[in-house]
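Let's take a look at how two chains meet, and then at how a pair of helices pack. Have the sequence and the 3D view ready.

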Protein chains: 2
Amino acid sequence: MLFDFTYHNPTTIHFGKESLNHLKGELLNYGETVLLVYGKTAIKKNGIYDNVIAILKDAGKKVVELSGVMPNPTYRKMQEGCELVRANDVDLILAVGGGSVIDCAKGISVSAYCDEDPFKKYWLESQAVSNKTVPVASILTMVGTGSEMNGGSVITHEETKIKAGRVFPADVYPKFSILNPEYTYTVSQYQMLSGIFDTMSHLMEQYFTGDDANTTDYLIEALLRSSIDNARAALKDPEDYEARSNIMWNATLALNTMTGLSKTQDWQVHMIEHQLGAYTDCAHGMGLAAISLPYYRHVSPHGIDKFARFAVDVWQIAADGKSKEELAKEGIDALEAFCKECGIVTSLKALGATEDMLPKIAESTFILDGGYKKLTSEEILEILKECF
Amino acid sequence: MLFDFTYHNPTTIHFGKESLNHLKGELLNYGETVLLVYGKTAIKKNGIYDNVIAILKDAGKKVVELSGVMPNPTYRKMQEGCELVRANDVDLILAVGGGSVIDCAKGISVSAYCDEDPFKKYWLESQAVSNKTVPVASILTMVGTGSEMNGGSVITHEETKIKAGRVFPADVYPKFSILNPEYTYTVSQYQMLSGIFDTMSHLMEQYFTGDDANTTDYLIEALLRSSIDNARAALKDPEDYEARSNIMWNATLALNTMTGLSKTQDWQVHMIEHQLGAYTDCAHGMGLAAISLPYYRHVSPHGIDKFARFAVDVWQIAADGKSKEELAKEGIDALEAFCKECGIVTSLKALGATEDMLPKIAESTFILDGGYKKLTSEEILEILKECF
């Protein structure tokens, strides 16, 4: 069954080695005051901060700064940004960093002029944005979340201990995003691999739903194959520009809504990983990898056609004479072998989990309808034990 | 080599059986007067005209009409639309039809308020648009050109006998396009196949350039495979909704600029077909099919790696033990067998060409750099003879 959909993604992507040259021209479309949002010291060490500041000055901008945005951006940090926006009448929020920094920038955009409690209104109740917003743009330095070309924003409320995600509509997407693959060279191999599996997980969580052989499934297979091939190339040479470029662009396309069109989508693996992350603070992509293998083995009998197709079309496993069950098993085995080959972690113990955490993670996981089967907490616990 | 690129496609796509329900909401974003642009009688026969008029009235719009837009829209017809825009102070141009109607609407948009000769300025000299433009939107009823989500506009100047294409920037793209696959059911099987091969040709002309294994190539392979599989399904049952949906969405994605990112692109086959079309008025996609087979056989030795990959990744031909040359040949043979299986015409004679036309077509063809080899007029004549 093919569902009706609306697709609208107005973000402008400037991609490549010289992409920062587009910044000045883009800045001319906005008023005088720019809020620069970034993380800790990374962009100061690698020189990106100095380059960006020079362009902002050259474009005649007044720059206000919000630094120290953390991996899971907090409501308090976001509120700090909101105060800066109001106090300085900010015209553009420019995020420089990875998904967390961009998520925080979107949060500031919708919350700065919200008269109510924005966390309650926009994240917990998913209400429509009714107040004035501030345009957001980004310069991406880490790969994985796709936040540079979508409306996603995950914010953690420290007092209530709630980490809530929200997908805002297209007018909250970054107006423009600058993607220079060379900026990702300084990320560690471990973080690079985590980002690659995050991309693959986004793709698989959209792919393993329904049996419909629609164009979206073909596109997902293409991006999975590109991710696999380019991961291998980047492991051989971390400064292989083409490999790093494809890895970066795959991550953007994997979550810019195109690969979810007309799909019900799963996202149960992400729900389990969120809770794993709350207990271990492990790298997001590594957590996803560990959970994915037993999860897909568990649900594959309920979507056997699609898992057999996964083996043939993603992993190029010869179908001749094999049953769908055999093919499905070989496909997931190929995914596991790929993880091992690359050094992607597939054990919760290696990610810092202890055995007593498992029941707590299982009980606190938010249960969705699932791509092929709705799990129980007991089944989630089984899955966690299998990848412990 | 991966080139820097900018990607920006702001068109909103409403896709599916109920997509026309979005029209009223979209219309509220524009002023009172709508210029409705359409072809001959088709949309009156199938009821789309009445449905659209009812929604326009319901939204309180004043409707001005430009009808009779022909398959190759003329400069004169476009000027007729420009006069209507100026005389009625039109706020939105709504194209209902296929690529020609949408191309004409974009032409009117940029030309109505142009003080100079718009054909010279915008089509022949590709100057930047410096005057006021009128927003364009579309309701698509035929598949193939991708005009519903790009800036392309091909206009034929009757007096000078010049057919010129131009790709306008994103602010000339349709603001929204409504794609209901059921609207394409009434198109003949011959026209459906022509549209499918048009899509495949767009994809191949972007694919067969360079040897770079980048993400764009993986995406093109995915769309080619979806086109092939869904063509077969639609031939079995022309009202197979999923098949017709995928055929429609593939056509849009094949030319919405995403599948050309970081590719030099070829387009020589289209150049030859333009001249074939000038002499025979054959269905565009059929002309492309006839020319493609000898063209790709001719250039494949110069891009052998890519043609071998085409055989394996698009046609799933087993690579075992075969040379690249053998694989490349098998891939193009598979394309030919697919055409024959579906009833896609691969002979110029069957398309109405006569032998004496061939030298004239060859001589008048505009020669591009080509994906792998720049042809001479003599080579083009050879190619035409091979598919005669």
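Here is a short tour, beginning with some ground rules.

## Before we start

This is a predicted model: local features need pLDDT of at least 70, side-chain atom pairs count only at pLDDT 80 or more, and totals for chains, interfaces and linings use all residues. Residues are numbered from 1 along each chain as its sequence is written, while chains are lettered from A and ligands numbered from 1 in the order in which they are written.

## Where the chains meet

Chain A uses 34 residues to contact 34 residues of chain B (contact means that C-beta atoms, placed from the backbone, lie within 7 Å). On chain A's side, β1 (5–15), α8 (215–236) and α9 (241–254) each chip in at least two residues. Those names come from DSSP runs, numbered from the N terminus: helices are H or I with at least four residues, strands are E with at least two.

Strand β1(A) also pairs with β1 (residues 5–15) of chain B, antiparallel and over seven bridges; pairing takes at least two DSSP bridges between two strands. Within this pairing, Tyr7(A) sits opposite Ile13(B).

## Two helices in chain B

Now for α12 (residues 304–313) and α13 (residues 324–342) of chain B: their axes come within 7 Å and cross at roughly 55°. Axes here are lines fitted to C-alpha atoms, for helices over the stretch in contact, with angles from 0 to 180 degrees between N-to-C directions.

Among the residues that meet are Phe307(B) and Phe310(B) from α12(B), and Leu327(B) and Ala328(B) from α13(B).

Terms used: Contact = placed C-beta atoms within 7 Å.
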